[in-house]
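Visitor: I would like to learn how to read a model like this one. Please take me through it feature by feature.

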Amino acid sequence: MLEQLSWKVGGLQGEGVESTGETFAVALNRRGYYVYSFRQFSSRIKGGHSNDKVRVSLKQFRTSTDYTDVLLAFDQDTIDLEAGEVRNGGVVIADEKFNPTAPDHVHLFTVPLTRIAEDCGSAIMKNMVSLGASAAVLGLPIETFTEVVEERFHRKGQKVVDQNIEAIRLGYEFIKDAGGSNLEFALKPADGTRRLFMMGNDALALGALAAGARVMPAYPITPASDVMEYLIKKFPKVGGVVVQTEDEIAAMNMTIGAAYGGARSFTATSGPGLALMMEAIGLAGMTEMPVVIIDTQRGGPSTGLPTKQEQSDLFSGLFGTHGEIPKIVLFPTTPEDCFYSMGEAFNLADKYQCPVIVLTDLQLSLSKQTTEPFQLDKVTIDRGSIATADMLAQERPASGEEFKRYLLTDTGISPRAFPGTRGGIHKVTGVEHSEDGRPSEAVTNRKNMMEKRLNKFQGIELPGSLTRTGDTNPQVAILGMGANIGAIEEACERLREEGITAAHVQLRTLLPFPVQTLQQALSDAKYVVVVENNATGQLRHLLSHFGVEHPQISSCLKYDGLAFLPTDIQQFVKGMF
Amino acid sequence: MATVTVKDFRNDVRPNWCPGCGDFSVQASIQRALASLGKQPHEVAVISGIGCSGRISGYINAYGFHGVHGRALPVAQGLKLANRDLTVIAAGGDGDGFAIGLNHFMHSVRRNMDVTYIVMDNHIYGLTKGQHSPTSAHGFTAKTTPTGNIENAVVPAQLALGAGIDFLAQGFSSDVNQLVSLIEQAIQHKGFSLVNVFSPCVTYNKVNTYDFFRENIVNLDNLDGYDSTSRVEAMKTVIETEGLCTGLIYRNDNRQDFEDQIPGYLTTPIAQQNLQLSPEIFAENLKEFA
């Protein structure tokens, strides 16, 4: 029996590929398996090949496999495009409707998916028939899927539930009768532990909600829109508001306005939107407004590859605005990390009164994976330095002076007074300003204010800026970020099996860049490989820029729109020895 | 609490406007309107963008935010969402509002948040020293139209009506009494309001002068039987006067503003709410992913 396998469904976009994959993944997650699901799709609603690959295992993996065990094909295109990666002796389940043909190295099961579905009541139930067929191949009890179906269709009435269950059962029996249950693709049973199953975007939205974010102006863009769509559903219960703005410029400025007003506010976008937000991000830096910006990176430049994986906004995230401002840039790695990073991001924004950019990448944002339950009590809300009316009444007897919003302090942090606070009236301006926020071009003031803003992080490394796992004094240390955690982890395991000692360093904070910790984390390795989804090696450049040194650094790059597979990294490293 | 007077809205900053600039009257009118409505300075925020007139947020004793060019309205709306108890006034020039910021203007009208937008419309770019603006007339000569403007001017009132505005007024810097009254009504109107003010630039615009406006403006206050509740009459009047009319052009108080329609939006401002999420709601949310 197998401890892990890979199942893939493919077909024309819009014909149920996504829902079939989703139901399959959710059902297996509920049985206690670890599931990792990654969807390939195009920037269109109908038509074009799309597929959803689901990896099921008894231990956690954070990426897809390089092969498929079972391929479910809704059209011949899927077989032509995807059967090549099906293992020798693997299974293809295909709809009889299109008279499928498949290469010799696979077992082809031609199943009347559509016909059975029609007999049960409707052709759209072919996804249920195919789930039943899959259950039979994988040796899963039929209840794996029928339970999910009962819950999902409960509201549509018993008849619908019964029809769908019948469709599953008929698909299951067809494969059993055809001998498809004896092919050694049976999965070892899982322990039934209930965990969460979600994508990074879900976790970001939940994290924002838990962190007290209550205003989210945003403009729809792939792959970020899920965050606003989720919160539009959830905010009414907590008095929050999502505004779909006219563009990203408005989104960013509105986020700033709400932060100024005292709300925890944020926006979410992808590369093109981030570019439009840059001027306003500079304003947030200049006026010391705590705002959080999620950038779910996708293939650039310009419209680029809007539905494909890339990590090419590092420079724009770190250095994008004009002039020089304080900024924090985080890059979580998993849904758990996304959730807790949002809490961290809002606290950091409030503490340091500056923009915080939370980078993700398309693979992290959209791939759904098994996730340990989140703990609300681990999310603390710390609003930083706030001047309340009571404090102001005590501290500032009527002097006639305005509140010094930009008071020069040792830390560079000065208390904020929210509009509406008696005694807190002050000015805010993107023009260089004095302590009370009035425009000032005075030379000494300019120097003081630049240093106030830019020195907030002097010598500071944020806790948890990176993690390191694996061997000490390794032959190779592999440095990565974002969703590449999974491929790197697995590549390290395989390299060890092949006698190459390896460590995995995962960078979580890009600003303030953790120079010392990273230097330390890389220094015992003979070689360093920087793994990143871009063409120019942006992270590699950051090492040089910030002065992290190592005599043997090379870049393992991927910019074809696809996610890294363990084998990409494994082969790259092997090629070095 | 002592009664507020216009003095409470004054600070010690001297505007860097040229002597004779129309914006002085707009500033004074806003201050008078706020005092006569009995607002407390700390309950008011003035949000502005870039341009000579954009400096106005620094010249009124209230909370003030001076952002980037053309984006006063998004900032003002964000602020209003965070604290719906505030009186939020956005202010700026015709370049800020109808060139770089036009997109935001049209959508702010459509969105209809309770924000008052006051535009100081001088038909010229002053701060950058004399380029034509989106409200400069065809044929107008300026540094960037040396042989005369070959583009047509936008008519702000027409745009506003076109976008479905519920409160539209125009004033003139020389008629402070009318302007104060219009600003008062605009602030009191629940929803988005525009007060477009003809506010001459005495330095760079030698065409659209005080005399020009005095001679060409039609004051609706003097028009017998003008019905400011009729959108059709408003549009007709704006077209007939080519936008050169002052007074209350259109008002509709029968539509809910944005805030009142946000599902679950509370009367307590977001800025004053307890942000801690209840464990029950959190558990309910997580269940959907199990």
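**A buried helix and its partner**

Guide: The buried residues of α2 in chain B are B:A72, B:L73, B:P74, B:V75, B:A76, B:Q77, B:G78, B:L79, B:K80, B:L81 and B:A82. Keep in mind that this is a predicted model.

Visitor: How many of the residues of helix α2 of chain B are buried, and what follows for the helix?

Guide: A residue counts as buried if 20 or more other C-beta atoms lie within 10 Å of its own. Helix α2 of chain B covers residues 72–82, and 11 of the 11 are buried, so the helix is largely enclosed by the rest of the structure.

Visitor: How is a pair of packed helices described?

Guide: Two numbers describe such a pair: the angle between the axes and the distance between them. Here the partner of α2(B) is helix α9 of chain A, residues 248–260; the two axes come within 6 Å and cross at roughly 40°. That angle makes α9(A) oblique to α2(B). The crossing of α9(A) past α2(B) is right-handed.

Visitor: Which residues make the contact between α9(A) and α2(B)?

Guide: From α9(A) they are A:A250, A:N253, A:M254, A:T255, A:I256, A:G257, A:A258 and A:Y260, and from α2(B) they are B:P74, B:V75, B:A76, B:Q77, B:G78, B:L79, B:L81 and B:A82. Sorted by class, this contact has 11 nonpolar, 5 polar and no charged residues.

Visitor: Now a single residue. Where is B:E43 placed in chain B?

Guide: B:E43 sits in the loop that runs between α1 (23–36) and β1 (44–48) of chain B.

Visitor: Why does B:E43 count as partly exposed?

Guide: The class depends on a count of neighbours, and partly exposed lies between the limits of 12 or fewer for exposed and 20 or more for buried. B:E43 has 19 C-beta neighbours inside 10 Å, so it is partly exposed.

Visitor: Which residues does B:E43 touch, leaving out those up to four places away in sequence?

Guide: The residues are A:G420, B:L86 and B:T87. B:T87 is 44 residues from B:E43 along the chain, yet their C-alpha atoms are separated by 6.2 Å.

Visitor: What does the radius of gyration say about chain A?

Guide: It is compared with the value for a compact globule of equal length. For 577 residues that value is near 25 Å, and chain A has 26 Å, which agrees. Along its principal axes the C-alpha trace of chain A spans about 90 × 60 × 40 Å. Chain A contains 19 helices and 21 strands, and 58% of its residues are buried.

Conventions. Residues are numbered from 1 along each chain as its sequence is written. Chains are lettered from A and ligands numbered from 1 in the order in which they are written. This is a predicted model: local features need pLDDT of at least 70, side-chain atom pairs count only at pLDDT 80 or more; totals for chains, interfaces and linings use all residues. Helices (H or I, at least four residues) and strands (E, at least two) are DSSP runs, numbered from the N terminus. Two residues are in contact if their C-beta atoms, placed from the backbone, lie within 7 Å. The radius of gyration is taken over C-alpha atoms; the globule rule is 2.2 Å times the number of residues to the power 0.38. Axes are lines fitted to C-alpha atoms, for helices over the stretch in contact, and angles run from 0 to 180 degrees between N-to-C directions. Angles under 35 degrees count as roughly parallel, over 145 as roughly antiparallel, 65 to 115 as roughly perpendicular and the rest as oblique. A crossing is left-handed if the near helix is turned anticlockwise from the far one by less than a right angle, and right-handed if clockwise. Ala, Val, Leu, Ile, Met, Phe, Trp, Tyr, Cys and Pro count as nonpolar, Asp, Glu, Lys and Arg as charged, and the others, Gly among them, as polar.
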